[in-house]
Structures are given as structure tokens and as C-alpha cells.
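Reader: I am new to looking at protein models, and I would like to learn how to read one feature at a time. Could you take me through this one slowly?

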Amino acid sequence: MAPDRWLSLYDATCQIAQEVAEKIQERNRYQRNGESSAKLNVVIRSSLQNLQEKIDQLKDLLLRAVSTHQITQLEGDRRQNLVDDLLTRQKQLQASYKNEGTEPDVIRSSLMTGGVKRGVANPWLLEESEETRGLGCDDLRQQQRRIIEEQDAGLDALSSIISRQKQMGQEIGNELDEQNEIIDDLTNLVENTDDKLRTQTRHVKMVDKKSTSCALLRMWFGTQMLGII
């Protein structure tokens with residue numbers, strides 16, 4: 001099975017975000033030590049631009065995949081949440097880059113929980129769950145793959161159930177068709193039998209009428225013969 005291009009691009013984009021955070025940490029360390037950080041600032045700006053381009057590619061690929069039904073709507077929603085999370089991270093990194101006094105530990109947490117500026121409420125602040133707290137980028141990717149595998153397994157099971165129900169429905173439909181054919185045959189048989197019965201009844205009445213006529217005729221002949229004698 002060929003690797004999913006979108007997921008591969010998403011992993012690469014997460015790696016870029018992690019590298020930007022590390023570069024910002026390194027730059028801040030240089031500045032605290034009184035060293036020049038000009039080269040690192042150039043690298044960080046370039047990496048942030050690259051991060052933005054990767055996120056734009058993710059959005060375009062996701063839109064194309066959803067519109068052409070390459071993925072389910074549920075998977076499309078899940079991936080959109082991942083893109084939104086990356087956008088949040090990208091904004092936080094931009095803010096950390098501009099705020100040169102941001103502490104390294106705050107930058108690290110910003111990739112996971114939304115991060116904050118000192119003394120400023122962060123509108124993108126999110127509380128990290130116990131399941132992801134302390135996990136690195138590789139661990140998060142493994143967790144995401146495991147979640148996707150579990151979702152795929154659930155979809156496969158659901159598809160199997162739907163297939164069985166469809167088969168049962170077809171079998172029930174076939175059985176109903178057979179029952180309807182039997183009922184039609186019985187109806188035709190009853191109608192034919194009823195027609196034959198009516199025909200036989202008319203025939204019996206005719207025979208009975210003729211028998212009565214013959215009996216009267218014999219009585220008349222008998223009477224005539226007695227008169228002659």
C-alpha cells in the first residue's frame with residue numbers, strides 16, 4: 001500500500017515546527033549570553049516561511065481529497081483539526097520569534113499546549129491532555145498513526161456489518177419474491193379450480209334437467225299405452 005502523501009507531508013511539517021522551536025530556544029540562549037543571533041534569525045525566518053508553505057499545501061491536499069471523496073468525511077474532519085493545530089503552532093512560533101525574551105520552556109510547551117507570552121493571555125491556549133503530556137514529536141506521530149489504525153479497524157468492522165446486513169436484506173427480498181410467486185400460483189390454481197367447478201355444476205344441472213324431462217316423457221308414454229289397452 002502506497003504511503004499517504006498527506007500524512008507524510010504532515011509529519012514533515014510537524015518536524016519543521018519542532019526545528020523552529022529549537023532554533024528559537026537556541027537564539028534566546030545566544031542573546032542571554034550576549035552573543036550574536038543574526039544568522040539564527042535569518043534561519044528562523046526562512047523556516048517559518050517554509051512552515052507556512054507546508055501548511056498551505058496541507059490545506060490544498062485536504063480540500064482536494066475531501067472534494068474527490070478520496071477520504072471519508074470523518075477522516076477529513078480529523079485532518080482539518082490537525083491543520084488547525086498546526087496553524088495555531090505556527091502563530092505561536094511567530095509570536096515567540098518576535099518576542100525575543102520568550103523562555104525556552106514556554107516555547108516547548110507552546111507546541112503542545114498553546115503556550116503563552118509573559119503577562120499576556122494567549123487566545124490559542126489549550127490544555128494538554130494527560131495522554132500527550134510529555135510526548136515528543138515522534139511519539140505524537142506514533143500515537144496519531146495508532147489512532148488512525150484503530151479508526152480504520154472500526155470502519156472495516158462497520159463495513160463488514162453493513163455488508164452482512166445488505167446480504168441478509170437481499171436474501172429476505174429473494175425469499176419474499178419466491179413466496180409471492182407461490183401465492184400467485186396458488187391464486188391461479190384456485191381460480192382455475194373454481195372455473196372448472198362452475199362448469200361441472202352447470203353440466204350436472206343440465207343432465208338433471210334432461211333426466212327429469214325423460215322421466216316425464218316416459219310417464220306420458222306409459223299413460224298413453226294404458227289408455228290404448
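Author: What follows is a conversation about the helices, their packing, the core and one loop residue. Please keep in mind throughout that this is a predicted model.

Reader: Where should I begin, and which elements, and how many of them, are there in the chain?

Author: A good habit is to list the elements before looking at any contact. Here the chain has five helices and zero strands, so that the order read from the N terminus is simply α-α-α-α-α.

Reader: What share of the 229 residues in the chain is buried?

Author: Buried residues account for 26% of them. It also helps to ask how far along the sequence the contacts reach, and among contacts between residues at least 6 apart in sequence, 62% join residues that are at least 24 apart.

Reader: How do I read the packing of two helices, for instance α2 and α3?

Author: One looks at the distance between the axes, then at the angle, and then at the residues that meet. The axes of α2 and α3 come within 10 Å and cross at roughly 165°; because angles over 145 degrees count as roughly antiparallel, α2 is roughly antiparallel to α3. Their crossing is left-handed. The residues of α2 that take part include Ile44, Leu48, Leu51, Ile55 and Leu58, while those of α3 include Val83, Leu86, Leu87 and Leu93. Sorted by class, this contact of α2 with α3 holds twelve nonpolar, seven polar and three charged residues.

Reader: And how are α1 and α3 arranged, roughly parallel or roughly antiparallel?

Author: The axes of α1 and α3 are 11 Å apart, and the helices pack at an angle of about 20°, which makes α1 roughly parallel to α3. The crossing of α1 and α3 is left-handed. Among the residues that make the contact are Trp6, Tyr10, Thr13 and Val20 of α1, together with Leu82, Val83, Leu86 and Leu93 of α3. By class, the contact of α1 with α3 has 13 nonpolar, two polar and four charged residues.

Reader: Which residues touch the most other members of the largest nonpolar core?

Author: That core has 23 residues, and the ones touching the most other members are Trp6, Tyr10, Val20, Leu58 and Leu93. The elements giving two or more residues to this core are α1 (5-32), α2 (38-67) and α3 (73-98), and α1 gives the most, with nine residues.

Reader: Could we follow one of these core residues, and what does Leu58 touch?

Author: Leaving aside residues up to four places away in sequence, Leu58 touches Trp6, Leu9, Tyr10, Thr13, Val83 and Leu86.

Reader: Is Leu87 buried, exposed or partly exposed, and in which helix does Leu87 lie?

Author: Leu87 lies in helix α3 and is partly exposed, with a relative accessible area of 22%; the cut-off for buried is under 20%. Leu87 also shows how sequence and space can be read together, since Leu87 and Asp56 are 31 residues apart in sequence and 9.6 Å apart in space, C-alpha to C-alpha.

Reader: What should I look for in a loop, and what is the phi of His69?

Author: The general idea is that most residues other than glycine have a negative phi. His69 has a positive phi of about 60°, although it is not a glycine. His69 lies in the loop between α2 and α3, and His69 is exposed, with a relative accessible area of 68%.

Note on methods:
Residues numbered from 1 in each chain as written. Predicted model: local features only at pLDDT ≥ 70, side-chain atom pairs only at ≥ 80, totals over all residues. Heavy atoms only, no water. Core = buried A, V, L, I, M, F, W, Y, C linked by side-chain atoms within 4.5 Å. Buried < 20%, exposed > 50% of the residue type's maximum accessible area, 1.4 Å probe, protein only. Helix = DSSP H or I, 4+ residues; strand = E, 2+ residues; numbered from the N terminus. Contact = heavy atoms within 4.5 Å. Axes fitted to C-alpha atoms, helices over the stretch in contact; angles between N-to-C directions. Parallel < 35°, antiparallel > 145°, perpendicular 65-115°, else oblique. Left-handed = near helix turned anticlockwise from the far one by under 90°. Nonpolar A, V, L, I, M, F, W, Y, C, P; charged D, E, K, R; others polar.
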